[in-house]
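Biologist: I would like to learn how to read a model like this one, beginning with the whole chain and then following one helix. Could you take me through it step by step?

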Amino acid sequence: MPDLTVYRLTFPGGLHIGARGVNLEESSVSVPSDTLFAALLDAHRRAGGNVNEWFVDTLGKDVPQATLTRDCPYRITSAFPFAGDVLFFPVPIPAQAFLSNKLLKERRKEVKRIRFISEGILRKMLAGEPLDGWFFPEENDKTDPQKGVALQGGALWLTADEVARLPRAYHLAVGKRHALHRQLVYKEATTPRVTVDRINAASTIFHAGRVTFAAKCGLWLGLTGKTPPEFERALCTLSEDGLGGERSAGYGAFSYTASQPLSLPDPQPGGAALLFSRYHPRAEETPALQHQGAGYELVPVAGWLRSWEGAAQRRRRLWLVREGSVVYPPDMGLWGDVVDVRPDYENPAGDLPHPVWRYGLALAVGWPYQTQPAGG
């Protein structure tokens with residue numbers, strides 16, 4: 001995989017990304033790659049761009065829809081948390097293979113609580129290094145951590161060396177660094193809102209989930225390959241309009257900066273691949289999930305679509321392989337698919353005259369050995 005171009009997004013007003021169905025009280029911390037792609041594509045179109053400009057090959061020619069999935073010249077990750085100069089990644093599903101059965105038994109709840117790992121922990125996994133010695137101390141342990149550190153109540157796992165790259169607020173004095181366990185990078189809360197009935201002016205209270213980030217913290221995303229020249233314009237438009245839901249309340253607006261490229265190993269033929277994006281396998285790629293060493297989870301993706309050419313409608317449900325899954329690319333490689341999910345039910349508002357793309361192209365790094373969960 002070529003170097004990832006990294007963009008860091010900071011959200012001064014917080015963020016709402018629907019986590020499950022129509023329940024507004026829940027909000028996801030990360031932003032899936034399919035949601036990011038849809039938001040960027042919509043921003044590009046609202047800025048006057050042509051959708052086909054996003055699907056061009058390296059020669060600058062339009063790519064037929066039939067070959068779009070294989071020839072799309074770039075890939076995008078999901079957006080994950082960062083704190084200062086420390087990037088966090090989804091926990092690989094086989095992560096428990098790097099911990100002994102003894103530690104898994106004694107610290108089972110803490111292991112399950114981990115949601116993201118730092119670049120330092122990730123690289124140790126990619127090197128096949130056992131991680132018992134790098135696991136963070138228990139919360140009630142008052143000694144300073146020497147190798148492994150937890151933030152966010154144990155949801156974020158990083159190395160002690162990476163603490164120096166965190167924002168200054170996390171640089172605790174010697175003897176107090178055990179308190180890092182309780183330091184927050186983000187905060188999940190619900191905010192009361194009011195809606196007013198248009199007919200009788202009656203007010204109804206409801207609650208919406210919001211994620212807010214500490215100073216110099218936010219989300220990062222990565223791109224690899226030939227980035228469309230219109231990407232920066234779409235990202236600028238999206239930063240002003242906002243990402244996610246509840247934008248009328250000020251959620252989702254962000255500022256962004258590009259940072260140093262991130263280099264990680266390529267998936268190797270016959271080897272495993274760790275996903276940093278959601279993935280929709282094509283029919284010929286199903287062996288990627290059938291290998292005995294694969295470890296993956298499926299997530300259903302549904303929701304509503306917005307179009308200038310028709311009323312808001314529910315799009316078709318799609319199942320995607322989530323980030324952090326380990327799959328085995330077949331001989332033709334790991335590509336994924338971009339799926340048209342426009343509604344196909346009988347609709348009084350009429351059929352939409354254009355595709356509704358849902359992004360399922362794979363962005364993965366090499367996972368150079370077969371692992372099985374401890375005790376499995």
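Biologist: What percentage of the 376 residues of the protein count as buried?

Modeller: This is a predicted model, and in it 52% of the 376 residues count as buried. The protein has seven helices and 20 strands, and among its contacts between residues at least 6 apart in sequence, 74% join residues at least 24 apart.

Biologist: How many residues does helix 1 have, and what span should they give?

Modeller: Helix 1 runs over residues 33–46, and because each residue should add 1.5 Å, its 14 residues should span 20 Å, which agrees with the 20 Å between its end C-alpha atoms. After helix 1 comes Gly-48, with a positive phi near 100°.

Biologist: Which residues of helix 1 are buried, and what do they pack against?

Modeller: In general, an α-helix has 3.6 residues a turn, so residues three or four places apart point the same way. In helix 1 the buried residues include Leu-36, Phe-37, Leu-40, Leu-41 and His-44. The partners of the buried residues include strand 10 (217–225), strand 19 (357–361) and helix 6 (231–241).

Biologist: At what angle do helix 1 and helix 6 pack?

Modeller: Their axes lie 8 Å apart and make an angle of about 95°; angles of 65 to 115 degrees count as roughly perpendicular, and the two helices are therefore roughly perpendicular to each other. Helix 1 contributes Ala-39, Leu-40, Ala-43, His-44 and Arg-46 to the contact, while the residues from helix 6 include Phe-231, Leu-235 and Asp-241. By type, the contact residues are seven nonpolar, two polar and three charged.

Key. Residues are numbered from 1 along each chain as its sequence is written. This is a predicted model: local features need pLDDT of at least 70, side-chain atom pairs count only at pLDDT 80 or more; totals for chains, interfaces and linings use all residues. Side-chain values use heavy atoms; hydrogens and water are left out. Helices (H or I, at least four residues) and strands (E, at least two) are DSSP runs, numbered from the N terminus. The expected span of a helix is 1.5 Å times one less than its number of residues. Buried means under 20% relative accessible area, exposed over 50%, partly exposed in between (1.4 Å probe, protein chains only). Contact means heavy atoms within 4.5 Å. Axes are lines fitted to C-alpha atoms, for helices over the stretch in contact, and angles run from 0 to 180 degrees between N-to-C directions. Angles under 35 degrees count as roughly parallel, over 145 as roughly antiparallel, 65 to 115 as roughly perpendicular and the rest as oblique. Ala, Val, Leu, Ile, Met, Phe, Trp, Tyr, Cys and Pro count as nonpolar, Asp, Glu, Lys and Arg as charged, and the others, Gly among them, as polar.
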